[in-house]
Amino acid sequence: MGALDVAPLKGDFPILTRRVHGKRLVFLDSAASSQKPVAVLDAMDRFQRERYANVHRGVYTIAEEATSAFEDARRRVARFVNARAVREVIFTRNATEAINLVARSWGSANLHEGDVVVLTHMEHHANIVPWQMLAAERGIVIRWIPLTPDYRLDLADLDRILDGASLLAVTAMSNVLGTINKIRPLADAAHAAGARILVDACQHVPHVTTDVRDWDADFVAFSAHKMLGPSGIGALWGRESLLDAMPPFLGGGEMILDVDLDGFTTNDLPQKFEAGTPAITEAIGFGAAVDYLAGIGMDAVRLHEKRVAQYAIALLRERFPSTLTLYGPDDVADRGAVISFLFDGIHAHDISQVLDEEGVCVRAGHHCAKPLMRILGVPATSRASFYLYNDEADADALADALERAARFFAL
Amino acid sequence: MPGLEDLYREIILDHYRAPRNRGELPVPPAHSAEGFNPLCGDEVVVYLAVDDGVVTDVKISGQGCSISQASSSMMSTAVKGKTVAEAHALIRAFKALMSIHGSMLEGESDGSDLAADLEGVRLGDLEALQGVVKFPVRIKCATLAWNTLAQVLDELDT
């Protein structure tokens, strides 16, 4: 498999030709949200101009075309993560809503006072707070898998932590550390303990081949906007038998088969969990994003990002040997191209401000992972995250901009 | 296009490098409040010793970016020795400086109110923070300590 040729690929992303403060835009915040290729922008635009209508309702031609385009997008997304069946893919607003759907629906049917949900210290707030809400409302108990000093999950006590648990909810890739967790052994351990496993794959699906069957997962959540698609749509993949047994999440149109004055019967999967008019155009964009990624090949994407991450990490270590601390595994074999760092004596916000002057976009703050930040003992970090449209020149621009920040704030 | 020098004036960097009135006061007798900026994780604790309506001592703890740290340092020196009423006036004046105004959502222009709030209040070094207004995302950094001060004063009143 050949390496990605990024130069022509950058041309697919119109925003990358923009200049900021007179400088080339160096976008290193794809872990927050990714940029969109022309293929996605055009698919959405064309759909709205030529065949937009509500889905699953009208019998006129464009309504049928819209419905078939919408369901075709679902099929592409299902294939992209190797789902067994298209109806196992529920469109949600984003990964956060997908996790909340499981917490509300599966959780309300299956979790009672004293039941245990296992989380890890590297979770995003989206995979912490829904469970804390259930803890507050119905007294479920949360247990935590800690981290090793090299920023991986500490699985030494896994069997004890999982003992008697109902659910393990774990990220496939940390949005702060970049750590990629091996899901299959975690799923095996969870199932052996009689627990289900939910995977927050928000950072994984955009960057690494994701196979829900190979993982033997029960639920997998991800968002379109982090994988070249639009914001406003995400997906929950769920094991069909579990989804079938779950009560509905939101009530309304689309999710019912029948309603009378005494009650309702729920629709079949996946509409059962899709109350109200969905994000139709966004679903079309989601499908186009998946096509674009599949066209390039996820193995090529991963190989490219490993190479760029390795280059960037080595460069930052070499240029700032004593002033910069990196948070994340060293070996790119089990990490993504998300690079969090702290610069001695300069707050992440101030770094980000100076970098912006150089056209370099990085995230500053707690990255919606405050428990992890507390464990790392840092108030905030800067985070540079690379995607398929970033290359070594972008890493160089980052290092040069950091050099300027260091001079500016010379203490 | 505003430059970095508009944001990071020398006096701001000076307060960041050498923050004034860092520390804590025992509560009680002192009063304190904790402020957070949920967007970036900045946090500040403001301690206030008040005697007979006069702020006799101020201490600041917590952590954050240069703007929030400098602003809290400048706030502490501005408020120390002032009466509670003067401290309230300073908060109003500073928020006016940051273009945040109580009437802003309703009024089309708050120009006259701004003038009224600034009248008779000497902001001194604090005016160096005016450059922050050109960087809207950072206004919250500058106002964090002031909002926290307002919280402490509110607790005094009750």
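In the predicted model, A:G365 stands opposite A:T381 of strand β17 in chain A. This pair belongs to the antiparallel ladder formed by β16 (residues 363–365) and β17 of chain A, which comprises three bridges. Within the ladder, A:A364 has A:S382 of β17(A) as its bridge partner. Strand β17(A) is also paired with β14 (residues 338–343) of chain A, again in the antiparallel sense, through four bridges. Here A:I339 is bridged to A:A384 of β17(A).

These pairings form part of an open sheet of four strands in chain A, with the order β13-β14-β17-β16 and antiparallel pairing. Strands β13 (324–327) and β16 of chain A occupy the edges; each has a single partner strand, so one side of each lacks a neighbour in the sheet. From one strand to the next, the twist averages 30 degrees. Helix α12 (residues 348–357) of chain A packs on this sheet and touches β14, β16 and β17 of the chain. The direction of α12 makes about 160 degrees with that of β16(A).

Strand β17 (residues 381–385) of chain A is largely enclosed by the rest of the structure, because five of its five residues are buried. The side chains alternate in the following way: A:T381, A:R383 and A:S385 point one way from the strand, while A:S382 and A:A384 point the other way. Residues of both groups are buried.

Elsewhere in chain A, A:G139 is located in the loop that links α5 (129–138) to β6 (141–145). With 12 other C-beta atoms within 10 Å, A:G139 is exposed. When residues up to four places away in sequence are not counted, A:G139 touches A:E113 and A:G114. A:G114 lies 25 residues from A:G139 along the chain, and the C-alpha atoms of the two are separated by 6.0 Å.

Chain B contains six helices and three strands, arranged along the sequence in the pattern α-α-β-β-β-α-α-α-α. Of the 158 residues in chain B, 37% are buried. Among contacts in chain B with a separation of 6 or more, 69% are between residues 24 or more positions apart.

The strands of chain B are connected in succession. Strand β1 (residues 31–37) runs antiparallel to β2 (residues 42–51) in chain B, and seven bridges join the two. One of the bridged pairs consists of B:G35 and B:V44, the latter in β2(B). The hairpin of β1(B) and β2(B) has four residues between the strands, and B:G41 in this hairpin takes a positive phi near 85 degrees. Nine bridges then join β2(B) to β3 (residues 54–63) of chain B, also in the antiparallel sense. B:Y47 is bridged to B:K59 of β3(B). In this second hairpin, which has two residues between the strands, a positive phi near 55 degrees is found at B:D52.

Two helix pairs of chain B were examined. Helices α2 (residues 10–17) and α3 (residues 66–79) of chain B pack with their axes 8 Å apart and at an angle of about 85 degrees. That angle makes α2(B) roughly perpendicular to α3(B). On the α2(B) side the contact involves B:I12, B:L13, B:H15 and B:Y16, which meet B:S66, B:Q69, B:A70, B:S73 and B:M74 of α3(B). By class, five of these residues are nonpolar and four polar, with no charged residues.

In the second pair, the axes of α4 (residues 84–97) and α6 (residues 139–157) of chain B come within 10 Å and cross at roughly 150 degrees. The two helices are therefore roughly antiparallel to each other, and their crossing is left-handed. Helix α4(B) contributes B:V84, B:A87, B:H88, B:I91, B:F94 and B:K95 to the contact, and these meet B:T143, B:W146, B:L149, B:A150, B:L153 and B:L156 of α6(B). The contact of α4(B) with α6(B) comprises nine nonpolar, two polar and one charged residues.

Between the chains, twelve residues of chain B are in contact with 16 residues of chain A. The side of chain B that touches chain A consists of seven nonpolar, four polar and one charged residues.

Technical notes:
Residues are numbered from 1 along each chain as its sequence is written. Chains are lettered from A and ligands numbered from 1 in the order in which they are written. This is a predicted model: local features need pLDDT of at least 70, side-chain atom pairs count only at pLDDT 80 or more; totals for chains, interfaces and linings use all residues. Axes are lines fitted to C-alpha atoms, for helices over the stretch in contact, and angles run from 0 to 180 degrees between N-to-C directions. Angles under 35 degrees count as roughly parallel, over 145 as roughly antiparallel, 65 to 115 as roughly perpendicular and the rest as oblique. A crossing is left-handed if the near helix is turned anticlockwise from the far one by less than a right angle, and right-handed if clockwise. Two residues are in contact if their C-beta atoms, placed from the backbone, lie within 7 Å. Ala, Val, Leu, Ile, Met, Phe, Trp, Tyr, Cys and Pro count as nonpolar, Asp, Glu, Lys and Arg as charged, and the others, Gly among them, as polar. A residue is buried if 20 or more other C-beta atoms lie within 10 Å of its own, exposed if 12 or fewer, and partly exposed in between; C-beta atoms are placed from the backbone. Two strands pair if DSSP finds at least two bridges between them.
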